[in-house]
Amino acid sequence: MADIQKIVEELSQLTVLEAAELATALEEAWGVSAAAAVAVAGPAAAAEGPAAEEQTEFDVILTGDGGKKIQVIKEVRAITGLGLADAKALVEGAPKPVKEGVNKTEAEEIKKKIEEAGGTVELK
């Protein structure tokens with residue numbers, strides 16, 4: 001029984017990549033499906049505690065205008081609805097948040113639009 005507990009502890013320390021490699025190796029060695037290997041590893045993962053929750057809210061931070069300040073100001077205005085003076089102040093004061101608490105899809109869309117305008121963006 002102590003040997004099994006030791007194995008459980010060691011499996012609990014695997015990275016996701018290592019666990020995937022283990023699943024593939026077990027599938028080849030024992031002729032089982034990866035789904036069955038994951039089912040076997042499931043209780044080991046549960047023993048280590050709850051998995052880290054995936055981030056659902058993001059802050060879109062403008063980190064620079066990339067030398068294209070006017071285009072970035074226009075894009076920031078379109079995204080935020082800010083007036084010209086406020087959008088200009090936001091761009092000139094980078095790094096500054098453009099939008100906070102948005103979902104991943106919206107954050108990626110905002111990032112893409114600002115980068116296409118020439119700016120640089122970071123998602124947090």
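Me: A salt bridge is a side-chain nitrogen of Lys or Arg within 4 Å of a carboxyl oxygen of Asp or Glu. What makes Glu-122 and Lys-124 a salt bridge?

Reply: Their side chains meet at 3.3 Å, N to O, so the pair fits within that cut-off. Before we go on, a word on the model: it's predicted, so local features need pLDDT of at least 70 and side-chain atom pairs pLDDT 80 or more, while totals for chains, interfaces and linings use all residues. Residues are numbered from 1 along each chain as its sequence is written, and side-chain values use heavy atoms, leaving out hydrogens and water.

Me: Why is Glu-122 called partly exposed?

Reply: Buried means under 20% relative accessible area and exposed means over 50%, with partly exposed in between (1.4 Å probe, protein chains only). Glu-122 comes out at 33%, so it counts as partly exposed.

Me: Which residues do salt bridges with shared partners join into one network?

Reply: That network is made of Lys-69, Lys-88 and Glu-92. In the whole structure, a search turns up 4 salt bridges.

Me: What makes Glu-92 and Lys-69 a salt bridge?

Reply: Their closest N and O atoms are 2.9 Å apart, so they pass the salt-bridge test too. The pair ties together distant parts of the chain, since Glu-92 lies in helix H5 (residues 84-92) and Lys-69 in helix H4 (residues 69-80), 23 residues apart. Helices (H or I, at least four residues) and strands (E, at least two) are DSSP runs numbered from the N terminus. With 44% relative accessibility, Glu-92 is partly exposed, and Lys-69 at 32% is partly exposed as well. As a rule, side chains of opposite charge can pair when their charged atoms come close.

Me: How many helices and strands are there, then?

Reply: The protein chain has 6 helices and 3 strands. From the N terminus, they run α-α-α-β-α-α-β-α-β.

Me: What makes the link between Lys-99 and Glu-106 a polar contact?

Reply: A polar contact is a pair of N or O atoms within 3.5 Å; within protein, one must be able to donate a hydrogen and the other to accept it, and residues adjacent in sequence count only if both atoms are side-chain atoms. The two side chains are joined at 3.3 Å, so they make the cut. This pair forms a salt bridge as well. Lys-99 is found in strand E2 and is partly exposed at 27%, while Glu-106 is partly exposed at 28%.

Me: Which residues does Lys-99 touch, leaving out those up to four places away in sequence?

Reply: Contact means heavy atoms within 4.5 Å. Lys-99 touches Phe-58, Asp-59, Val-60, Ile-79, Glu-106 and Ile-110.

Me: Why is Ser-12 called buried?

Reply: Its relative accessible area is 17%, so Ser-12 falls on the buried side. Ser-12 sits in helix H1, and its side chain reaches the backbone oxygen of Val-8 at 2.9 Å. Across the protein chain, buried residues make up 19% of the 124 residues.

Me: What makes a group of residues a nonpolar core?

Reply: They must be buried Ala, Val, Leu, Ile, Met, Phe, Trp, Tyr or Cys residues joined through side-chain atoms within 4.5 Å. The largest one here has 17 residues, and those with the most contacts inside it include Val-60, Val-76 and Ile-114. Two or more residues each come from strand E1 (58-64), H4, H5, strand E2 (96-102) and helix H6 (104-117). In soluble globular proteins, nonpolar side chains tend to be buried together.

Me: Which residues form a nonpolar patch on the surface?

Reply: Ile-7, Leu-11, Leu-14 and Leu-22 do, with about 280 Å² of accessible area together. Ile-7 belongs to helix H1 (residues 2-12). Patch residues need over 30% relative accessible area and no salt bridge; like charges are joined within 9 Å, and nonpolar side chains (Val, Leu, Ile, Met, Phe, Trp, Tyr) within 5 Å. Accessible areas come from the Shrake-Rupley method with a 1.4 Å probe, and for residues only the protein chains shown count as cover.

Me: Where is Pro-95?

Reply: Pro-95 lies in the loop between H5 and E2. The peptide bond from Ala-94 to Pro-95 is cis, with omega near 10 degrees.
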